[in-house]
Amino acid sequence: MTFISESLSNGEHIYKEFQHHWAVKFFITLNFILGFFTLGIWLIPAVIYWLKWKCTEQGVTSKRIIRKHGIIARKTDELRLSAIESVYFSQGILGRIFGFGTVTITGRGQGAVVLSWMVDPMKVKLDIENAQEASDKE
């Protein structure tokens, strides 16, 4: 069971869980290959990157946006849908070519929730805005 599904309140349901872009897996694999050629020296960063990727969950529910991360300690960034002020995304040149980017959600009285390495950041932005509109109707 995932953290997001375990942390749902009464009447709350998962609207969408966001996955990282395949480039993250490519980067991790490249680190493991470098670990082989450097006689294991590069395995430490490879394992750290892999654990960071495996220990990150991000999604939007009917009430909030959640990003959980952390290898040993757990940290969550949450923002209620009703408190969202803006949702925007950024893509560099490689992001435009390969279809990934960073989505930033800002809210009233809280810090921003940043979702990195998102597949199709425009769709992620639209999913968040659609969840926000659906929660307004409830």
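Me: In this predicted model, is glutamate 57 buried or exposed?
Reply: Under 20% relative accessible area means buried. Glutamate 57 has 15% relative accessibility. That value is under the cut-off, so glutamate 57 counts as buried.

Me: Which residue meets the side chain of glutamate 57 in a salt bridge?
Reply: Side chains of opposite charge can pair when their charged atoms come close. Here N and O lie 3.9 Å apart. The partner counts as buried too, at 11% relative accessibility. The residue that pairs with glutamate 57 is lysine 68.

Me: How many residues apart in sequence are the parts that glutamate 57 and lysine 68 tie together?
Reply: The salt bridge joins the two side chains. Glutamate 57 sits in strand β2, residues 57-61. Lysine 68 sits in strand β3, residues 64-69, so the pair ties together parts whose separation in sequence is 11 residues.

Me: What is the strand order in the open sheet of 4 strands?
Reply: Pairing in this sheet is antiparallel. β1 (14-18) and β4 (75-80) each have a single partner strand, so they stand at the edges. β2 and β3 pair over 4 bridges. The full order is β1-β2-β3-β4.

Me: Which residue in β3 is the bridge partner of valine 60?
Reply: β2 and β3 pair in the antiparallel sense. Across that pairing, the partner of valine 60 is isoleucine 65.

Me: Which strands stand at the edges of the open sheet of 3 strands?
Reply: The order here is β5-β6-β7, and the pairing is antiparallel. An edge strand in this sheet has a single partner, so one of its sides is left without a neighbour in the sheet. The edge strands are β5 (84-90) and β7 (110-119).

Me: By what angle are neighbouring strands of the β5-β6-β7 sheet turned against each other on average?
Reply: The sheet has 3 strands and is open. With direction ignored, the average turn between its neighbouring strands is 15°.

Me: Which residue in β7 stands opposite isoleucine 105?
Reply: β6 covers residues 100-107. It pairs with β7 in the antiparallel sense over 6 bridges. Opposite isoleucine 105 stands valine 113.

Me: Which helix packs on the β5-β6-β7 sheet?
Reply: The helix touches β5, β6 and β7. Its direction makes about 165° with that of β5. This helix, residues 121-137, is α5.

Me: Which residue forms a salt bridge with lysine 123?
Reply: The closest approach, N to O, is 3.4 Å. The two residues are 4 apart in helix α5, so about one helical turn separates them. Lysine 123 is partly exposed at 40% relative accessibility, while its partner is buried at 10%. That partner is aspartate 127.

Me: How many salt bridges does a search of the whole structure find?
Reply: One of them joins lysine 75 to aspartate 77, with N and O atoms 2.9 Å apart. Lysine 75 is partly exposed at 45%, and aspartate 77 is buried at 17%. The search of the whole structure finds 7.

Me: Which elements give two or more residues to the largest nonpolar core?
Reply: In soluble globular proteins, nonpolar side chains tend to be buried together. The largest core has 16 residues. Ile65, Ile84, Val103, Ile105, Leu115 and Ile128 touch the most other members. The elements that give two or more residues are β5, β6, β7 and α5.

Me: Which backbone oxygen lies 2.8 Å from a polar side-chain atom of asparagine 31?
Reply: Asparagine 31 lies in helix α2, residues 22-37. It counts as buried, at 3% relative accessibility. Beyond four places in sequence, its contacts are Trp42, Ala46 and Tyr49. The backbone oxygen belongs to phenylalanine 27.

Me: What share of the residues counts as buried?
Reply: The protein has 5 helices and 7 strands. Its C-alpha atoms fill a box of roughly 55 × 35 × 25 Å. Of its 138 residues, the share that counts as buried is 37%.

Technical notes
Residues are numbered from 1 along each chain as its sequence is written. This is a predicted model: local features need pLDDT of at least 70, side-chain atom pairs count only at pLDDT 80 or more; totals for chains, interfaces and linings use all residues. Side-chain values use heavy atoms; hydrogens and water are left out. Two strands pair if DSSP finds at least two bridges between them. Axes are lines fitted to C-alpha atoms, for helices over the stretch in contact, and angles run from 0 to 180 degrees between N-to-C directions. Contact means heavy atoms within 4.5 Å. A salt bridge is a side-chain nitrogen of Lys or Arg within 4 Å of a carboxyl oxygen of Asp or Glu. Buried means under 20% relative accessible area, exposed over 50%, partly exposed in between (1.4 Å probe, protein chains only). A nonpolar core is a set of buried Ala, Val, Leu, Ile, Met, Phe, Trp, Tyr and Cys residues joined through side-chain atoms within 4.5 Å. A polar contact is a pair of N or O atoms within 3.5 Å; within protein, one must be able to donate a hydrogen and the other to accept it, and residues adjacent in sequence count only if both atoms are side-chain atoms.
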